[in-house]
Amino acid sequence: MMESATPMRERPVLTLLAVLLAGLFLAACPPVEEEPAEDPNAVERSIGDESALNALIADYMVAMNSGDADGVVASYAADAVRMPPDALPVSGRESIRQNIAQAFETADLNVQMQVIETEFSGELAYVRGTFLLTVTPKDGSPTTESEGNWMRLMRRAPDGRWLVAYSLWNFQS
């Protein structure tokens with residue numbers, strides 16, 4: 001009978017030693033925890049961002065209420081689209097400025113806007129709310145009041161400012 005290189009009684013000791021070393025190695029390794037995949041489009045709501053959007057809405061109201069067309073369009077992106085109810089969309093900052101200036105020529109406007117909801121998704125955000133619009137025609141016609149809903153899709157500009165990309169509203173019946 002041939003003798004093996006390791007005597008039979010030493011094998012259980014070597015096996016036990018290998019098992020103990022493997023156990024020590026595994027015990028020294030921290031458990032692997034799976035981290036949830038990060039959504040590259042998800043951005044935590046930032047108090048600063050929400051405040052910036054609220055300030056933009058406030059500046060818009062001040063400009064509307066003072067008849068300042070340039071002040072109104074300062075909040076719009078260069079390629080913005082304004083979608084008035086029962087009318088064709090108005091595209092581009094200059095066209096929007098002209099459209100608003102025409103409204104200011106015929107009436108004094110007073111708009112009070114309330115923000116109901118703000119949501120963020122990456123470089124986009126939407127803000128929606130309600131408004132009360134008072135229109136006082138410059139020709140002496142009676143003043144009218146209308147209530148409605150509005151929504152703005154905002155886009156973060158390369159310099160970090162939020163600008164209006166799309167603006168739409170409707171009147172409550």
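# Exercises on a predicted fold

The protein has four helices and six strands. Keep in mind as you work that this is a predicted model.

**Exercise 1.** Work out in which order the elements of the protein run from the N terminus on, and in which order the strands lie in the sheet.

*Solution.* Start with the chain. From the N terminus on, the elements run α-α-α-β-β-α-β-β-β-β. Now turn to the sheet: it is open, and its six strands are arranged as β2-β1-β6-β5-β4-β3, with mixed pairing. Next, look for the edges. These are β2 (90–91) and β3 (107–121), each of which pairs on one side only. Finally, place the helix that covers part of this sheet. Helix α4 (residues 93–106) packs on it and touches β1 (76–83), β2, β3 and β4. The direction of α4 makes about 55° with that of β1.

**Exercise 2.** Find out in which sense β3 and β4 pair, and over how many bridges.

*Solution.* As a reminder, strands of a sheet pair through backbone hydrogen bonds, either parallel or antiparallel. Here β3 and strand β4 (residues 124–137) are antiparallel, and 14 bridges join them. For a pair of residues to look at, take Glu-117, which stands opposite Arg-128 in β4.

**Exercise 3.** Is Thr-134 buried or exposed? List its contacts too, leaving aside neighbours within four places in sequence.

*Solution.* First locate the residue: Thr-134 belongs to strand β4. Then apply the cut-off, under 20% relative accessible area for buried. Thr-134 has a relative accessible area of 18%, so it is buried. With those sequence neighbours left out, Thr-134 is in contact with Asp-108, Leu-109 and Asn-110, and also with Thr-143, Thr-144 and Glu-145.

**Exercise 4.** Which residues form a nonpolar patch on the surface together with Leu-153, and why does Leu-153 count as partly exposed?

*Solution.* Begin with the position of Leu-153, which is in strand β5 (residues 144–156). Its relative accessibility is 31%, and therefore Leu-153 counts as partly exposed. The other members of the patch are Leu-124 and Tyr-166. Together, the three residues have about 230 Å² of accessible area.

**Exercise 5.** Describe the protein as a whole: what percentage of its residues is buried, and how much area does it expose?

*Solution.* Of the 173 residues, 28% are buried. The protein exposes about 11800 Å², and carbon and sulfur atoms supply 57% of that area. To finish, consider contacts with a separation of 6 or more: residues 24 or more positions apart account for 51% of them.

Key. Residues numbered from 1 in each chain as written. Predicted model: local features only at pLDDT ≥ 70, side-chain atom pairs only at ≥ 80, totals over all residues. Heavy atoms only, no water. Patch = residues over 30% accessible without salt bridge, like charges linked within 9 Å, V, L, I, M, F, W, Y side chains within 5 Å. Areas by Shrake-Rupley, 256 points an atom, 1.4 Å probe, with all protein chains shown as cover. Salt bridge = Lys/Arg side-chain N within 4 Å of Asp/Glu carboxyl O. Helix = DSSP H or I, 4+ residues; strand = E, 2+ residues; numbered from the N terminus. Buried < 20%, exposed > 50% of the residue type's maximum accessible area, 1.4 Å probe, protein only. Pairing = 2+ DSSP bridges. Contact = heavy atoms within 4.5 Å. Axes fitted to C-alpha atoms, helices over the stretch in contact; angles between N-to-C directions.
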